[in-house]
Amino acid sequence: MAQQVRGVVAHKKGEPVTVETIVVPDPGPGEAVVQVQACGVCHTDLHYREGGITDAFPFLLGHEAAGVVESVGEGVTDVAPGDYVVLNWRAVCGQCRACRRGEPWYCFNTHNAAQKMTLESGQELSPALGIGAFAEKTLVHAGQATLVNPAARPEVAGLLGCGVMAGLGAAINTGKVGRGDSIAVIGCGGVGNAAIAGARLAGATTIIAIDVDNRKLEWAKEFGATHTINSRENDPVEGVQALTDGNGANVVVDAVGRPETFTQAFYARDLAGTVVLVGVPTPEMRIELPLLDVFGRGGATKSSWYGDCLPSRDFPLLIDLFLQGRLPLDKFVSETIGLDDVEEAFHRMERGEVLRSVVVL
């Protein structure tokens, strides 16, 4: 039978979220109900609340989560009740042209649950990124539940569900940072610092953190930054060039996603270097670059969705690295909160006071 649980709902653009009763149906074919244990407060959830992604209100927010599978529907074999999982929004289909050419991290037809969770009134909810995990339980496609080692606490493991994976993957999977490389990261919040942690893990030797907030630059040092630049006080392009023998960095990650930071990233890279855009822009943003510069500098300009990750491959690996003490996932958790505290957590995130607030249920 359907269950009633508490969840965080955004009803209208820009209005505060509310905690309400959510109706979670029994899982159908290919679906799973997951008891959520922890869910990070991600900037993408704020984008949903602000109507910056779609206007399909009301939204059941939350997507960066870990928990335990409670029940599964017909045909589900990859997970079973009692399994400890991290939720993901890239449940690959295995059939689209990206999957068929052996690049499932670009899957064009990812799976979500077929059924809808609703309010008590019966009004259907749009789950954030097809997950909706600011709730005691959520309904997902079984492919969105990735088995990981249960030795990792849920408030840590769940971070791989979005922000940390996005940053790590932007550096390692998309930017392909390697041993001896230089990398600059613009924006040192959760995603940017994850890119820094990923670059250190991959063996980069020059890791330059760029931000306007000295507090965030101090955080960046904890994750492996070898140099920092306050771009409110110094030109970041000149700063990166000065730290790389006048050349620019092999890889520059824009974890902000604004025209001015993207332009800085473009000019801060070395010739034939790579720019990776992982910060999420808004629909009205535009960039203008001399086409001759695009041609003459060579290299690549890439966007990174979800760090070009394959959850079944990357989540277990990164959890193992955390448990070995080689990846400091726990340092991303600034505070743990309850469901009723999500709105205030959004404000703390906007003020730059936290890397991650994590809802613990």
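1. Which residue of β5 does Gly40 stand opposite? In this predicted model, the residue of β5 that faces Gly40 is Glu64. The pairing belongs to β3, which covers residues 31–40, and to β5, which covers residues 64–72. The two strands run antiparallel and are joined by 8 bridges.

2. Strand β3 has further partners. Strand β9 (residues 137–141) runs antiparallel to β3, with 5 bridges between them, and Glu31 has His141 as its bridge partner there. Strand β18 (residues 356–360) is likewise antiparallel to β3 and is joined to it by 3 bridges; Ala38 stands opposite Val360 in β18. As to exposure, β3 is mostly covered, 8 of its 10 residues being buried. As a general remark, side chains in a regular strand alternate between the two faces of the sheet.

3. On the overall fold, the protein chain comprises 11 helices and 18 strands. Its radius of gyration is 20 Å, close to the 21 Å that the globule rule gives for 361 residues, so the chain is as compact as a globular protein of that length. The C-alpha trace spans about 65 × 40 × 40 Å along its principal axes. Of the 361 residues in the chain, 55% are buried.

4. A separate point concerns an open sheet of 5 strands. The strand order is β7-β2-β1-β4-β8, and the pairing is mixed. The edge strands are β7 (118–119) and β8 (126–127), each of which pairs on one side only. Strand β2 (residues 18–24) pairs with β7 in the antiparallel sense, over 2 bridges. Within this sheet, Val23 stands opposite Thr118 in β7.

5. Helix α4 deserves mention for its burial. The helix spans residues 163–174 and is mostly covered, with 11 of its 12 residues buried. The buried residues include Gly163, Val164, Met165, Leu168, Asn173 and Thr174. Just after α4, Lys176 adopts a positive phi of about 50°.

6. Why does the model contain 0 disulfides? A disulfide requires two cysteine sulfur atoms within 2.5 Å. The cysteine sulfur closest to that of Cys42 belongs to Cys162 and is 3.8 Å away, which is too far for a bond. For Cys188, the closest cysteine sulfur is that of Cys42, at 17 Å, and this is also too far for a bond. The count is therefore 0 disulfides by this rule. Both residues are covered: Cys42 counts as buried at 5% relative accessibility, and Cys188 counts as buried at 0%.

7. The second largest pocket holds about 360 Å³ of space. Its lining consists of 19 residues, and those nearest its centre are Asp78, Ala91, Ala142, Gly143 and Ala145. By class, the lining divides into 9 nonpolar, 8 polar and 2 charged residues. Both β10 (145–147) and α10 (311–323) supply at least two residues of the lining. Strand β10 gives the most, with 3 residues.

8. Two residues other than glycine with positive phi may be set side by side. Asp245 has phi near 55° and is found in the loop between α7 (236–242) and β14 (249–254). Tyr306 has a positive phi of about 60° although it is not a glycine, and Tyr306 lies in the loop between β16 (300–303) and α10. Their surroundings contrast: Asp245 is exposed, with a relative accessible area of 74%, whereas Tyr306 is buried, with a relative accessible area of 2%. The loop that holds Tyr306 leads to α10, a helix that also contributes to the lining of the second largest pocket.

9. Finally, one peptide bond should be recorded. The bond from Phe57 to Pro58 is cis, with omega near 0°. Pro58 is found in the loop between α1 (43–49) and β4 (59–60), and β4 is one of the strands of the open sheet described in point 4.

Conventions. Residues numbered from 1 in each chain as written. Predicted model: local features only at pLDDT ≥ 70, side-chain atom pairs only at ≥ 80, totals over all residues. Heavy atoms only, no water. Buried < 20%, exposed > 50% of the residue type's maximum accessible area, 1.4 Å probe, protein only. 1 Å grid on protein atoms, 1.4 Å probe; cavity = no way out; pocket = protein on both sides within 12 Å on 5 of 7 lines; lining within 4 Å. Points joined across faces, edges and corners; volume = space filled by probe spheres on them. Helix = DSSP H or I, 4+ residues; strand = E, 2+ residues; numbered from the N terminus. Nonpolar A, V, L, I, M, F, W, Y, C, P; charged D, E, K, R; others polar. Pairing = 2+ DSSP bridges. Rg over C-alpha atoms; globule rule 2.2 N^0.38 Å.
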